[in-house]
Amino acid sequence: MATLCLSSSSSSVKIPSFIHSFPANANQLLRRPLFSNLPFNYERRLQQVVESLKWRTMVSFFPFFSTKREDTESLKLELFEAIAPLDRGAEATPEDQKRVDQIASKLEAVNKVKEPLKSSLLNGKWELLYTTSQSILQTKRPKFLRANGKIYQAINADTLRAQNIETWPFFNQATANLVPLNARRVAVKFDAFKIAGLIPIKSRGSGRGQLEITYLDEELRISRGNQGNLFILRMSDPSYRVPV
């Protein structure tokens, strides 16, 4: 994560001088005349008071330290609430798509995992909650001819393998090799398919694309494809392994 800057050209945050006057530990405070006659067993409690006072004072002047995680969690909650009624994106209006994209962009701006392909958080099976990809949504088809069950995407960064898994009613699968283009973008090269989860078909190299992981934590992944599609996924099974 980039270093947090405490000042800018327009304003600066100053630490009050009395914060620096706090002693480093209770022994230093006990040597001051006011406290020199306290019983020895007060030392530990006094140390706790000193540290607590120092921390609370710092937090009061730097509230963003304690609220940064809360802000991220609030954005995630807002995102989940926005996509919940959209049937994985199939029911999204242009206004819905714009709102979801805006929230996703805010989360991408505070992403802590700058090199997701090197992170163990990426590994596992992710459930697709929302996408703008028509090749997945197939909104021009009757609903009974679409994938109505859950859709998963699994990734194992250590083996550079990925797998797309449809459930009801088709149970189709596709596996792919991942070729890193940088620390967060991969080329996706599909090499095998399964129809109805049973009939294997080897790919002739027609299935290709790119995927950039723009936000990642232990629960949520946001990715964007090379055709501008947005993918929002939630971790389902971190222990899942893609077949090699």
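1. Leucine 198 and its loop. In this predicted model, leucine 198 sits in the loop that runs between strand E5 and strand E6 (199-202). Is this residue buried or exposed? Leucine 198 is exposed, because its relative accessible area is 67%, which lies over the 50% cut-off for that class. Leucine 198 also belongs to a nonpolar surface patch of about 390 Å², made together with Ile195, Ile199 and Ile201. A student may set this patch beside a general tendency: in soluble globular proteins, nonpolar side chains tend to be buried together.

2. The hairpin around this loop. Strands E5 and E6 are paired in the antiparallel sense, over four bridges. Within the pairing, phenylalanine 193 is opposite isoleucine 201 of E6. Three residues separate the two strands of the hairpin, and alanine 196 adopts a positive phi near 60 degrees there.

3. The overall composition. The protein contains six helices and nine strands. It has 244 residues, and buried residues make up 37% of them. The exposed surface is about 15000 Å², with 55% of it supplied by carbon and sulfur atoms. Among contacts with a separation of 6 or more, 55% are between residues 24 or more positions apart.

4. The nonpolar cores. Which residues of the largest nonpolar core touch the most other members? They are Leu122, Leu178, Val186, Val188 and Leu216, out of 20 residues in this core. Two or more residues come from each of strand E1 (124-131), strand E2 (151-156), strand E4 (173-180), strand E5 (185-195), strand E7 (208-216) and strand E9 (230-237). A second core, separate from the largest one, has 18 residues, including Ile83, Tyr215, Ile222 and Ile232.

5. Leucine 216 as a core residue. Leucine 216 is located in strand E7. Leucine 216 counts as buried because its relative accessible area is 3%, under the 20% limit. Beyond its neighbours within four places in sequence, leucine 216 is in contact with Asn111, Val113, Pro116, Ser119, Leu121, Leu122, Trp126 and Arg221. Its C-alpha atom is separated by 9.5 Å from that of glutamate 115, a residue 101 positions away along the chain.

6. Salt bridges between separate elements. The count of salt bridges in the model is 11. One of them joins the side chains of aspartate 101 and arginine 224, at 3.0 Å from N to O. Aspartate 101 belongs to helix H5 and arginine 224 to strand E8 (residues 220-225), so this pair ties together parts 123 residues apart in sequence. Aspartate 101 is partly exposed at 29% relative accessibility, whereas arginine 224 is buried at 18%.

7. A bridge between two strands. The side chains of arginine 161 and aspartate 191 also meet in a salt bridge, at 2.6 Å from N to O. Arginine 161 is in strand E3 (residues 161-166) and aspartate 191 in strand E5, so the linked parts are 30 residues apart in sequence. How accessible is arginine 161? Its relative accessibility is 7%, which means that arginine 161 counts as buried. Aspartate 191, with a relative accessible area of 23%, is partly exposed.

8. Aspartate 87 and lysine 143. These two residues form a salt bridge in which the closest N and O atoms are 3.7 Å apart. Aspartate 87 is in the loop between helix H4 (63-83) and helix H5 (94-109), while lysine 143 is in the loop between helix H6 (134-137) and E2; the pair therefore links distant parts of the chain, 56 residues apart. Both residues are partly exposed: aspartate 87 has a relative accessible area of 32% and lysine 143 one of 45%. In addition to these pairs, Glu73, Lys76, Asp217 and Glu219 are linked in a network of salt bridges.

9. Backbone features to check. Aspartate 87 has a further feature, namely a positive phi near 50 degrees in a residue other than glycine. Glutamine 138 likewise is not a glycine and has a positive phi of about 50 degrees. Glutamine 138 lies in the loop between H6 and E2 and counts as partly exposed at 24% relative accessibility. Which peptide bond is cis? It is the bond from tryptophan 168 to proline 169, with omega near 0 degrees. Proline 169 is in the loop between E3 and E4.

Definitions and conventions:
Residues are numbered from 1 along each chain as its sequence is written. This is a predicted model: local features need pLDDT of at least 70, side-chain atom pairs count only at pLDDT 80 or more; totals for chains, interfaces and linings use all residues. Side-chain values use heavy atoms; hydrogens and water are left out. A nonpolar core is a set of buried Ala, Val, Leu, Ile, Met, Phe, Trp, Tyr and Cys residues joined through side-chain atoms within 4.5 Å. Buried means under 20% relative accessible area, exposed over 50%, partly exposed in between (1.4 Å probe, protein chains only). Patches are made of residues with over 30% relative accessible area and no salt bridge: like charges are joined within 9 Å, nonpolar side chains (Val, Leu, Ile, Met, Phe, Trp, Tyr) within 5 Å. Accessible areas come from the Shrake-Rupley method with a 1.4 Å probe; for residues, only the protein chains shown count as cover. A salt bridge is a side-chain nitrogen of Lys or Arg within 4 Å of a carboxyl oxygen of Asp or Glu. Contact means heavy atoms within 4.5 Å. Two strands pair if DSSP finds at least two bridges between them.
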